[in-house]
Structure formats: C-alpha cells, structure tokens
Amino acid sequence: MYQFEDIYHNKVMLSFKDHPYSKEPKHVWVICKFEDQWLLTSHKNRGLEFPGGKVEIGESAEQAAAREVKEETGGHVSKLHYIGQYKVEGREKIIIKNVYFALIDKVEKQSTYFETNGPVLLKQLPANIRKDHRFSFIMKDSVLTYSMQKIMESNSF
Ligand code: GTP
C-alpha cells in the first residue's frame, strides 16, 4: 500500500491488491494504450488525462471503464486489466477508484465527447507532467507514477 498526498494535499491511498477499499467502487480510471501511443482525453476544465468517471447504477466497474473510454475518446476497449484501487480522502467526501490498463483496438469519431474535447494520442508522457499546465490534476500525483510502473513491470499485458 502506498500513501501520499495529491496536489490539493488530500490523503491518497493506493494499493495493487484485489479491491482493498471497496468491492463496488463508484469511480474508474483507465490508462489506455492504442497501438504504440497513450490515449488520453482533453477534459474541458481539467486538461489532459486518462479517461474515467463514475460507475452508473446497474453497471459494473468494468462496464463503466469501457463506456467512459468510448464516451471520452471514441476508443474501443479490446482488453481490460485491473491494476489496483485508490482512495482519496477529500475535504467533502471520500472517493474510491479502480485503476485499469486498457488495450484499445480502434478509435472512432464520436458525435459528442461529453465534458471533454475528445481523444489525444501521445507517443510519450512528458517527464514533468506535475509542472505541465496542459495536464489535469488527476495526472499529477503518485497514482500515475506507481500505476505506470506496475503496467511496465507486467509481462502479461
Ligand atoms: P459531481 O458529484 O459529479 O459533482 O462530481 P465532483 O466534482 O464532486 O467530483 P467527484 O465526485 O468525481 O470527486 C470529488 C473530489 O474527489 C474531487 O473534487 C477531487 O478533489 C477528488 N478526486 C476525484 N477524482 C480524483 C482523482 O482521480 N485523484 C485525486 N487526487 N482526487 C480525485
């Protein structure tokens, strides 16, 4: 288990165990790879981030992950791997989010990208994301760093 603060000084706990904080998390975050590029979305307020969002009523977390990727990027998830889960103790509420790694086999143009401006493909994530104003706050804490490490270490994806 890792513990650190996000950029707003909220306490964050991250674990790569099997659903340590909730069996039914209400949020998902999906690190997406399309061919040899990372697939992100450009959120209208927050900036560049991997897609994600809230699990809807009647939906599984995996279904929410595939739906959010489609809605925010047009990407079609061909393989979805659970990576871990994190918990943010915010000022007003606690949120628990599943982190996934998704392989995307096609990116199709959508008529709407909801609260985002749609897909952004990057060959590499910049080394200094935390100081890069183009990126969303959710890309700026150690959830991204540790999750990317975990994905890189895995031989099975
Ligand atoms: P609505 O309920 O739709 O209004 O959403 P919201 O704006 O309240 O956001 P949400 O419930 O997704 O998150 C509430 C708070 O949790 C945010 O304001 C953030 O402070 C925090 N939060 C949400 N997602 C993340 C995340 O991925 N990383 C970090 N560090 N904090 C997050």
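Guide: Quick bit of vocabulary before we start: contact means heavy atoms within 4.5 Å. Also bear in mind that this is a predicted model.

Visitor: Leaving aside its neighbours within four places in sequence, which residues is Thr 41 in contact with?
Guide: Let's place Thr 41 to begin with: strand β4, residues 37–43, holds this threonine. Setting aside neighbours within four places in sequence, the contacts of Thr 41 are Gly 47, Leu 48, Glu 49, Pro 51, Glu 72, Thr 73, Thr 116 and Gly 118.

Visitor: Is Thr 41 buried or exposed?
Guide: The cut-off for buried is under 20% relative accessible area. Thr 41 comes in at 0%, so this residue counts as buried.

Visitor: Which side chain does a polar contact of 3.0 Å join to that of Thr 41?
Guide: A polar contact needs a pair of N or O atoms within 3.5 Å. The pair here sits at 3.0 Å, and the partner of the Thr 41 side chain is Thr 116.

Visitor: What distance separates the C-alpha atoms of Thr 41 and Ser 136?
Guide: Along the chain, these two are 95 residues apart. In space, their C-alpha atoms are separated by 10.0 Å.

Visitor: On to the pockets. Which residues are closest to the centre of the largest pocket?
Guide: That pocket holds about 750 Å³ of space. Its lining has 33 residues, and the closest to the centre are His 27, Arg 46, Ile 95, Lys 97 and Phe 137.

Visitor: Which element gives the most to the lining of the largest pocket?
Guide: β3 (27–34), β6 (52–54), α1 (61–73), β7 (75–89) and β8 (94–107) each supply at least two residues. The top contributor gives four residues, and that's α1.

Visitor: How many charged residues are in the lining of the largest pocket?
Guide: Sorted by class, there are 13 nonpolar and six polar residues. The charged ones number 14.

Visitor: And how many charged residues are in the lining of the second largest pocket?
Guide: This one has about 170 Å³ of space. Its lining includes Lys 23, Glu 24, Pro 25 and Lys 26. By class, four are nonpolar and one is polar, while the charged count is six.

How values were computed. Residues are numbered from 1 along each chain as its sequence is written. This is a predicted model: local features need pLDDT of at least 70, side-chain atom pairs count only at pLDDT 80 or more; totals for chains, interfaces and linings use all residues. Side-chain values use heavy atoms; hydrogens and water are left out. On a 1 Å grid over the protein atoms alone, a cavity is a set of points where a 1.4 Å probe fits but cannot get out, and a pocket is an open set with protein on both sides within 12 Å along at least five of seven lines; lining residues have an atom within 4 Å of a point. Grid points are joined across faces, edges and corners, and a volume is the space filled by probe spheres set on the points. Ala, Val, Leu, Ile, Met, Phe, Trp, Tyr, Cys and Pro count as nonpolar, Asp, Glu, Lys and Arg as charged, and the others, Gly among them, as polar. Buried means under 20% relative accessible area, exposed over 50%, partly exposed in between (1.4 Å probe, protein chains only). A polar contact is a pair of N or O atoms within 3.5 Å; within protein, one must be able to donate a hydrogen and the other to accept it, and residues adjacent in sequence count only if both atoms are side-chain atoms.
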